[in-house]
Amino acid sequence: PRFQTHRPRAAAAGRVLYTGENVSGYGKLIIITHGPGAVTVYGHNSELLVKRGDNVTNGQVIAKMGNSDSDSVNLLFEVRHNDRPVNPVEYLPQ
């Protein structure tokens with residue numbers, strides 16, 4: 001599928017907090033911290049291009065999209081503040 005060439009990018013600069021496949025339902029997962037209480041979550045990747053401890057820049061390619069732990073090629077994206085999911089529209093540029 002054409003989406004397999006898409007590459008998720010970091011929503012903001014930060015540090016990679018977690019990479020792996022040990023969180024059920026997320027497949028190959030990346031979690032990036034962006035300061036006190038703020039993280040972004042990127043799931044269902046086919047390949048992870050960063051590792052725990054890496055610093056990332058805004059817009060940096062961090063993975064290849066895939067369908068790990070999913071029935072179709074897609075990207076799970078979450079913004080969390082203090083461990084609670086929040087509406088990403090409030091944090092992303094218009």
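Trainee: Let's start with A13: how exposed is A13, going by its relative accessible area?

Mentor: Relative accessible area is sorted with two cut-offs: under 20% is buried, over 50% is exposed, and partly exposed is in between. A13 has 48%, so A13 lands in the partly exposed class. Keep in mind that this is a predicted model.

Trainee: Where does A13 sit along the chain, and which residues does A13 touch beyond its sequence neighbours?

Mentor: A13 belongs to the segment before β1. Leaving out residues up to four places away in sequence, A13 touches T33, H34, V56, T57 and N58. There is also a link by distance: A13 and G59 are 46 residues apart in sequence, but their C-alpha atoms are 7.9 Å apart in space.

Trainee: And V89, is that residue buried or exposed?

Mentor: Exposed, because its relative accessible area is 52%. V89 lies in the segment after β7. Its C-alpha is 9.3 Å from that of V79, with the two positions ten residues apart in sequence numbering.

Trainee: Let's step back to the fold. How many helices and strands does the protein have?

Mentor: Zero helices and seven strands. Read from the N terminus, the order is β-β-β-β-β-β-β. For contacts between residues at least 6 apart in sequence, 51% join residues at least 24 apart.

Trainee: Which strands pair with β1?

Mentor: One partner is β2, residues 28-33, antiparallel over five bridges. Another is β4, residues 55-56, also in the antiparallel sense, over two bridges. You can follow this residue by residue: V16 has I32 as its bridge partner in β2, and R15 stands opposite N55 in β4.

Trainee: V16 looks like a good one to follow. What surrounds V16?

Mentor: V16 is in strand β1, residues 14-20. V16 counts as buried because its relative accessible area is 2%. Setting aside residues up to four places away, V16 touches I30, I31, I32, V50, K51, R52, G53, D54 and V56. V16 and V39 are 23 residues apart in sequence, with 9.4 Å from C-alpha to C-alpha.

Trainee: How should I think about a nonpolar core, and which residues make up the largest one here?

Mentor: The general idea: in soluble globular proteins, nonpolar side chains tend to be buried together. Here the largest nonpolar core has nine residues: A10, V16, I30, I32, Y42, V50, V56, I62 and A63. A second, separate core has five residues, including Y26, L29, I31 and V39. Look at I32 as a member of the largest core. Beyond four places in sequence, I32 touches A10, G14, R15, V16, L17, A38, V39, T40, Y42, V56 and I62.

Trainee: What share of the protein is buried, and what does the surface add up to?

Mentor: Buried residues make up 30% of the 94 residues. The protein exposes about 5,800 Å², and 49% of that comes from carbon and sulfur atoms.

Trainee: Now aromatics. How many aromatic pairs turn up in the whole structure?

Mentor: A pair of aromatic rings is described by the distance of the centres and the angle of the planes. A search of the whole structure finds one pair. The rings of Y42 and F77 have centres 5.4 Å apart and planes at 55°, so the pair is tilted. The two rings link distant parts of the chain, since Y42 is in β3 (residues 38-48) and F77 in β6 (residues 76-81), 35 residues apart. Y42 is buried at 1% relative accessibility, whereas F77 is partly exposed at 26%.

Trainee: What about backbone angles? Which phi value does H44 have?

Mentor: Most residues other than glycine have a negative phi. H44 has a positive phi of about 70° although it is not a glycine. H44 is located in strand β3 and is buried at 7% relative accessibility. N82 has a positive phi too, near 50°, and N82 is in the loop between β6 and β7.

Trainee: Last one: where in the protein is confidence lowest, and where is it highest?

Mentor: The protein averages a pLDDT of 87, and 87% of the residues score at least 70. Confidence is lowest in β5 (residues 63-65), with a mean of 90, and highest in β4, at 98.

Definitions and conventions. Residues numbered from 1 in each chain as written. Predicted model: local features only at pLDDT ≥ 70, side-chain atom pairs only at ≥ 80, totals over all residues. Heavy atoms only, no water. Core = buried A, V, L, I, M, F, W, Y, C linked by side-chain atoms within 4.5 Å. Buried < 20%, exposed > 50% of the residue type's maximum accessible area, 1.4 Å probe, protein only. Contact = heavy atoms within 4.5 Å. Helix = DSSP H or I, 4+ residues; strand = E, 2+ residues; numbered from the N terminus. Areas by Shrake-Rupley, 256 points an atom, 1.4 Å probe, with all protein chains shown as cover. Pairing = 2+ DSSP bridges. Phe/Tyr/Trp six-rings, centres within 6.5 Å; stacked < 30°, edge-to-face > 60°. pLDDT = per-residue confidence, 0-100.
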